[in-house]
Every structure is written in C-alpha cells, then in structure tokens.
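Q: I am new to this structure. Please take a close look at one part, the place where domain 1 and domain 3 touch, and walk me through it.

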Amino acid sequence: MPQLQQVTVLGATGSIGSSTLDVISRHPERYQVFALTAHTSINKLKALCLEYRPRFAVVADTADAQRLQSDLRAAGVATDVLAGPQGLCEVAAHPEVDAVMAAIVGAAGLESTMAAVCGGKKILLANKEALVMSGALFMRAVREHGAQLLPIDSEHNAIFQCLPCNYAEGLAPVGVRRILLTASGGPFRNSSYAELERVTPAQACAHPNWSMGQKISVDSATMMNKGLELIEACWLFAARPDQIEVVIHPQSVIHSLVDYVDGSVLAQLGNPDMRTPIAHAMAWPERIASGVAPLDLCALARMDFIAPDFERFACLRLAIAAAQAGGSAPIVLNAANEVAVAAFLQERIRFTQIPQLIEDVLGLERGSQVDSLEGVVEMDQQARQNANAWLSKQSISAGVRA
Ligand code: NAD
Ligand code: MG
C-alpha cells in the first residue's frame with residue numbers, strides 16, 4: 001500500500017490546480033488534500049472545499065475569508081479559512097504537508113513557493129516565474145532544506161524524464177550535448193508582423209493545443225513562455241543558455257528532447273494534457289494513471305520542426321539575452337512582462353508593444369546581483385514601477401497624437 005500523502009494546492013482554482021485535483025481524485029489511497037488556495041475565485045474555491053474537505057483554505061481578502069468560513073461552517077465543513085500571503089506561506093510550509101503543488105501564476109507565487117522549499121517539502125513546480133526570479137537563491141534553498149524539486153512544466157518534466165538521475169553537476173559530465181526545448185509556436189506562428197499588430201486578447205488566449213490560464217496563454221502567443229522556460233531549464237538542469245536550443249514543433253506531442261554526445265536523442269511524447277506531467281511528478285519514481293488518453297501515432301500521422309523567428313517573436317530574444325546576462329535581468333524581464341501582459345489584456349497596449357515595453361525597461365537595468373529574497377522582491381517592484389511609468393508615458397503620447 002502506498003503511503004497517504006498530504007498535498008497543498010497553491011492556485012487550486014486555476015488550470016493547473018484543476019488538473020492536479022483531477023489526478024488526486026483518481027488516487028484517494030495515495031493523496032489527501034490538505035489545503036486549497038485561491039485569489040478571488042471564492043465560489044469556485046467554496047465548491048472545491050465542499051468536495052475535498054481540506055484542513056485549510058486560503059483566499060486573498062480578509063472579508064472574503066470570513067464569508068467563506070461561515071458558508072463552510074453552515075454546510076458542516078470543518079475547513080479553516082485563512083487570508084493573505086501569510087496564510088499561503090503557512091499552508092505551504094505546514095509540518096503535516098508532504099507535497100506542495102506551486103500553481104499560483106506569476107511573481108505572486110514566489111513567497112509561498114519559497115516557504116514550501118524552506119519547509120523541505122516535495123515541490124511540484126508549475127510556477128516557473130518564481131524560479132526565473134530567484135533562480136540561484138531558490139536552488140540553494142532546495143539543497144539546504146532538503147526539498148525535492150519536481151518539474152510540472154511539460155517541457156521540463158519531459159527533460160527530467162530523459163536525463164540520467166545524476167545531472168545535478170551539469171550536463172557535460174553526464175554526456176549531454178544539449179537540450180532541445182520544444183515550443184508549439186502559439187496561435188500566431190505563421191502570422192506576419194502586420195497581423196501581430198492587430199491581435200486581440202481573445203485571439204491571443206486561444207491556444208491551438210493547450211487549455212491554460214490567460215497569462216501563460218499570452219506568454220505562449222508572444223513566445224515569452226519559451227524564454228521563461230529556457231531560464232527555468234538553466235536552473236533546473238544546471239545548464240548554460242547556449243546548451244539549450246528552442247525548436248518549434250506545432251503538434252505539441254514531443255514535449256522536449258535530450259541530445260547526448262554519442263548521437264542518441266531521447267524524447268518524451270504524449271498527448272498535450274498537463275495531467276501527464278502532474279501525475280508523473282506526484283508519483284515519481286513510481287507511475288500512476290492520469291486519465292490522459294493513449295497517444296495515437298497513426299492518427300497524428302506527422303510531426304514538424306521549425307527554427308524560431310527571433311524578429312517576429314522578440315520576447316524570446318529578450319529572454320535569452322536576460323538568461324545570458326543573469327543577475328537581476330531575469331527579475332526585470334519577468335516583472336516587465338507581467339505588467340505588459342496585464343496591459344495588453346486590458347487593451348491598453350498592442351500585442352507588438354509587449355516586447356517594446358520589456359526591452360525599454362530592461363534598458364534601465366544596471367546589471368546588479370541580488371542575493372536575498374527581499375532583494376528579489378525590491379527589484380521586482382522597481383521594475384514594475386518602471387513598466388507602469390512606460391505605460392503612462394505611452395498613453396500621454398497617444399493622447400497627444402490623438
Ligand atoms: P491560472 O490563471 O489558470 O490560475 C492561477 C491560480 O493562481 C488561480 O488559482 C488564482 O486564484 C491564483 N492566483 C492568481 N493571482 C494570485 C495572487 N496574487 N495571489 C494568490 N493566488 C493567486 O494559471 P495556470 O494556467 O494554472 O498557471 C499557473 C502556473 O503554472 C503559472 O506559473 C504557469 O506559467 C504555470 N504553468 C501552467 C501550465 C498550464 O497548462 N496552464 C503549463 C505549464 C506551466
Ligand atoms: Mg511549458
């Protein structure tokens with residue numbers, strides 16, 4: 001009999017959160033939900049609490065927490081409801097928790113993910129932005145606190161499956177020449193720059209292969225997602241940026257590949273459904289059913305591979321440059337991107353202005369080293385201020401032109 005594991009799901013109401021709960025529901029003998037968290041989707045969280053009856057639930061706002069608490073009590077559910085970032089850290093690091101699914105989107109997930117790391121938990125890492133922002137600190141904390149880090153991002157989960165277990169000292173000692181990081185290319189893979197200028201938020205969020213949250217959908221459309229993933233892969237697999245090559249593979253069936261010095265190339269394949277990497281990471285080193293349909297190669301019929309275009313997808317170029325620069329550049333890149341994506345979704349800027357904003361904010365960056373979590377948060381805030389100042393200037397000059 002497998003041992004019952006207590007699981008906290010940070011970001012339970014999101015796309016990854018839902019897929020995680022789907023996998024958990026299939027294996028009640030292995031996993032019990034300890035805590036569920038949400039930001040503002042209170043009704044969705046309430047429904048999840050009624051279904052999974054966790055020990056704790058966490059929401060952002062104190063008044064929301066009080067309302068949810070009395071609703072749950074009235075329904076006979078014993079869940080304790082906490083509020084705010086402190087509550088997130090508490091359920092991430094709670095002594096009774098075995099595994100934490102880090103599935104909050106963006107920099108908002110940094111503190112709670114780090115709390116889970118410092119609690120020495122099994123970290124199921126979906127929140128790539130946390131690792132992009134705090135890479136060196138994060139990896140050091142994983143080692144110091146004996147946490148176990150398992151990648152959920154489908155590409156990184158694939159690479160993890162294709163690497164030998166002793167890759168921690170770098171790729172060369174284990175005979176790896178390079179990592180091939182696959183990208184779908186997003187919905188605008190074949191669009192001209194003129195077409196990209198007119199893209200709407202609804203079009204950007206309609207990914208051809210994956211169903212995901214809004215922010216990562218826009219990141220996939222700009223290919224910033226692949227840039228963030230390249231930085232994520234450098235930290236997870238002790239790789240240099242030049243050891244990772246991005247390849248566009250529109251069918252999203254090969255989730256990434258590892259190229260060895262003897263010419264062997266290992267790949268992980270599967271239908272594009274996040275329940276596969278989630279189930280893999282949750283049960284590792286064992287294997288469990290995920291509910292994902294078996295891959296039908298004959299129905300797939302063909303697989304294509306194309307080199308990325310760094311002109312049309314400038315975000316990818318900017319992210320690779322930030323990976324090479326290191327220090328605070330990835331923090332600034334990530335913060336500027338979050339502000340730019342939110343502004344695009346609110347129709348304040350055009351799709352093609354996303355990389356322009358990021359490039360200008362990166363241009364203000366002094367190349368400093370950041371060696372504490374407080375320093376990371378400060379640098380993130382500074383970059384957001386610069387990005388917002390960029391937006392204000394933009395709307396003033398747009399007003400002048402009008
Ligand atoms: P989502 O938008 O669907 O869900 C985000 C979750 O985070 C929600 O539960 C929301 O309530 C919570 N949240 C949002 N802002 C918050 C805040 N300020 N404080 C606390 N909680 C907050 O996002 P998603 O698509 O599930 O992505 C989650 C993470 O997983 C992202 O980092 C993304 O890059 C990564 N990821 C997602 C996929 C995917 O297929 N969706 C694949 C790979 C990696
Ligand atoms: Mg991915």
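A: Contact here means heavy atoms within 4.5 Å. Bear in mind that this is a predicted model.

Start with the layout. The protein chain is divided into domain 1 (5-152), domain 2 (165-271 + 294-318) and domain 3 (326-402). The centres of domain 1 and domain 3, taken over C-alpha atoms, lie 28 Å apart.

Now the touching residues. Domain 1 brings 9 residues into contact with 11 residues of domain 3.

Next comes area. The size of an interface is often given as the accessible area lost when the parts come together. Between them, domain 1 and domain 3 bury about 800 Å². Carbon and sulfur atoms account for 74% of that area. On the side of domain 1, Val132, Met133 and Leu137 lose the most area to domain 3. Together these three residues make up 56% of what that side buries.

What about polar links? Between domain 1 and domain 3 the count of salt bridges is 0. The count of residue pairs in polar contact is 1, with both residues at pLDDT 80 or more.

Which elements carry the side of domain 1 that touches domain 3? Two or more residues each come from α5 (110-118) and α6 (128-144). The helix α6 gives the most, with 5 residues.

To sum up, this part joins 9 residues of domain 1 to 11 of domain 3 by contact, and α6 gives the most on the side of domain 1.

Conventions
Residues are numbered from 1 along each chain as its sequence is written. Chains are lettered from A and ligands numbered from 1 in the order in which they are written. This is a predicted model: local features need pLDDT of at least 70, side-chain atom pairs count only at pLDDT 80 or more; totals for chains, interfaces and linings use all residues. Side-chain values use heavy atoms; hydrogens and water are left out. Domain bounds come from an automatic or database domain assignment. Buried area is the accessible area (1.4 Å probe) that two parts lose on being put together, summed over both. A salt bridge is a side-chain nitrogen of Lys or Arg within 4 Å of a carboxyl oxygen of Asp or Glu. A polar contact is a pair of N or O atoms within 3.5 Å; within protein, one must be able to donate a hydrogen and the other to accept it, and residues adjacent in sequence count only if both atoms are side-chain atoms. Helices (H or I, at least four residues) and strands (E, at least two) are DSSP runs, numbered from the N terminus.
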